[in-house]
Amino acid sequence: MNAVLSRMGGWLGLGGADKPRGTGYASAPARVQGVDQPLVWVTVALLAFGLVMVYSASIAMPDNPRFANYAHTHFLVRHLFSLGLAFVVALLVFQVPMATWEKAAPWLFIASLVLLMLVLIPHVGKGVNGARRWISLGFMSFQPSELAKFAVLLYAADYMVRKMDVKERFFRAVLPMATAVAVVGVLLLAEPDMGAFMVIAVIAMGILFLGGVNARMFFLIAAVMTVAFVLMIALSDWRRERIFAYLDPWNEKYTLGKGYQLSHSLIAIGRGEIFGVGLGGSVEKLHWLPEAHTDFLLAVIGEEFGLVGVLTVIGLFLWMTRRIMHIGRQSVALDRVFAGLVAQGVGLWMGFQAFINMGVNLGALPTKGLTLPLMSYGGSAILLNMVALAVVLRIDHENRVLMRGGRA
């Protein structure tokens, strides 16, 4: 037992500061140099606050006939299970050197494509509310689009390292990556899951830009992607309706339809005012606000903790994103380009998805089915968020080893 506690303490940087310099750690478990502890504690704070709010937002759901067979702690217990599983997997992922991830990146990308195709097969993919996005594993429902975000991130970073010599040439550097993202996009839109596609597109474009792609080519890609998203909205009746509902959610045509979630989210946040109505005091979670424990968790936070609670969550995500980007820049400065681009890709992922979710909850952006990273209910999302952050902590650990004279 003491050996296990000692090892976990080493992982979190709680001991071993007097390790001799110049020791290599390529094959040994990552222990001594530690990791960025403030980043760890901010992550823990978001996970803990998310756990409390998932319980608060879901406690009344069994009163709904649809969930009549569920206990009041059903979602709490499942969320706890997801957190436990994610923590164990994250500890294992932290032990994997970045060189291994670099070699595995293309294969992981192919695996994610296979899973995205499998989810579209009847009786394999699980459909909910008209969308087919999940594969049932018995103990949990796995969402391949979450793995796709991580896989595209690794693949884009590896791709840029391999194409570094030709990054100024569009057809050799940009077009193949754009084609890969387009294939993922077609599969995601078939589910449909436009929100995940938006996140993946931003991750890929961000890594291309950070990897040194010519600014003119980057803006050309951005323009093409913008036109593509506008066309997707213009050619889809229900997506157009969402935009109109976003522009006028109080219109009686949309209040009980496409604007229902947004209008009740705004009511919840309005009720919270500055300091909120108190933990557990939300009215909107009582079957008024759909998906209160997933996509609209921030609305419940706003109602129960007010402006103070919302600003706290925003501040934590801002700090986390900034810190992850710093770790990435530090890695690039140490001539570890792949690791640096991966860390910055994770920063883009967490920051952009949190921005979209918050914007939707606050009525600043059209309604889109994206969860709040680390906080919303959802096993696959929590698992892959933790895996991504474990990789960032591994990058930070290897940076520290190099700066102390060791070999990463």
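A residue counts as buried when its relative accessible area is under 20%, as exposed when it is over 50%, and as partly exposed in between. With that scale in hand, Arg 162 is a good place to enter this predicted model: its relative accessibility is 46%, so Arg 162 is partly exposed. Its salt-bridge partner is Asp 158, with 3.0 Å between the closest N and O atoms. Asp 158, at 5% relative accessibility, counts as buried. The two residues are 4 apart in helix H5, which means that about one helical turn separates them.

The structure as a whole contains 8 salt bridges. Another of them joins Arg 400 to Asp 396, whose closest N and O atoms are 2.8 Å apart. Here too the spacing is 4 residues, in this case within helix H14 (residues 379-403), so about one helical turn lies between the partners. Asp 396 is buried, at 1% relative accessibility. Arg 336, Arg 394 and Glu 398 are joined into one network by salt bridges that share partners. Glu 304 and Lys 285 also form a salt bridge, at 3.1 Å from N to O. This pair connects distant parts of the chain, 19 residues apart: Glu 304 belongs to helix H12, and Lys 285 to the loop between helix H11 (260-272) and H12. Both residues are buried.

Arg 133, located in strand E2 (residues 131-136), offers a contrast worth a look. Arg 133 is buried but has no salt bridge, and the nearest side chain of opposite charge, that of Asp 193, is 4.1 Å away. A salt bridge requires a distance within 4 Å, so Asp 193 does not qualify. The side chain of Arg 133 does reach the backbone oxygen of Pro 192, at 2.6 Å. Among its other contacts beyond four places in sequence are Val 119, Phe 142 and Glu 191.

Turning to the interior, the largest nonpolar core has 108 residues, and Phe 150, Met 177, Val 313, Val 342 and Met 375 have the most contacts inside it. Helix H13 (residues 337-361) supplies the largest share of this core, 13 residues. Phe 150 touches, among others, Trp 101, Leu 108 and Trp 349.

Aromatic pairs number 6 across the structure. Phe 49 and Phe 305 pair edge-to-face, because their planes stand at 80 degrees, with ring centres 5.5 Å apart. Phe 49 sits in helix H2 (residues 37-58) and Phe 305 in helix H12 (residues 297-333), so the pair ties together parts 256 residues apart in sequence. Trp 101 and Phe 150 form another edge-to-face pair, with 5.5 Å between centres and 85 degrees between planes. Both Trp 101 and Phe 150 are buried.

Methods
Residues numbered from 1 in each chain as written. Predicted model: local features only at pLDDT ≥ 70, side-chain atom pairs only at ≥ 80, totals over all residues. Heavy atoms only, no water. Core = buried A, V, L, I, M, F, W, Y, C linked by side-chain atoms within 4.5 Å. Buried < 20%, exposed > 50% of the residue type's maximum accessible area, 1.4 Å probe, protein only. Contact = heavy atoms within 4.5 Å. Phe/Tyr/Trp six-rings, centres within 6.5 Å; stacked < 30°, edge-to-face > 60°. Lys, Arg positive; Asp, Glu negative; His and termini not counted. Polar contact = N/O pair within 3.5 Å; in protein donor to acceptor, adjacent residues only side chain to side chain.
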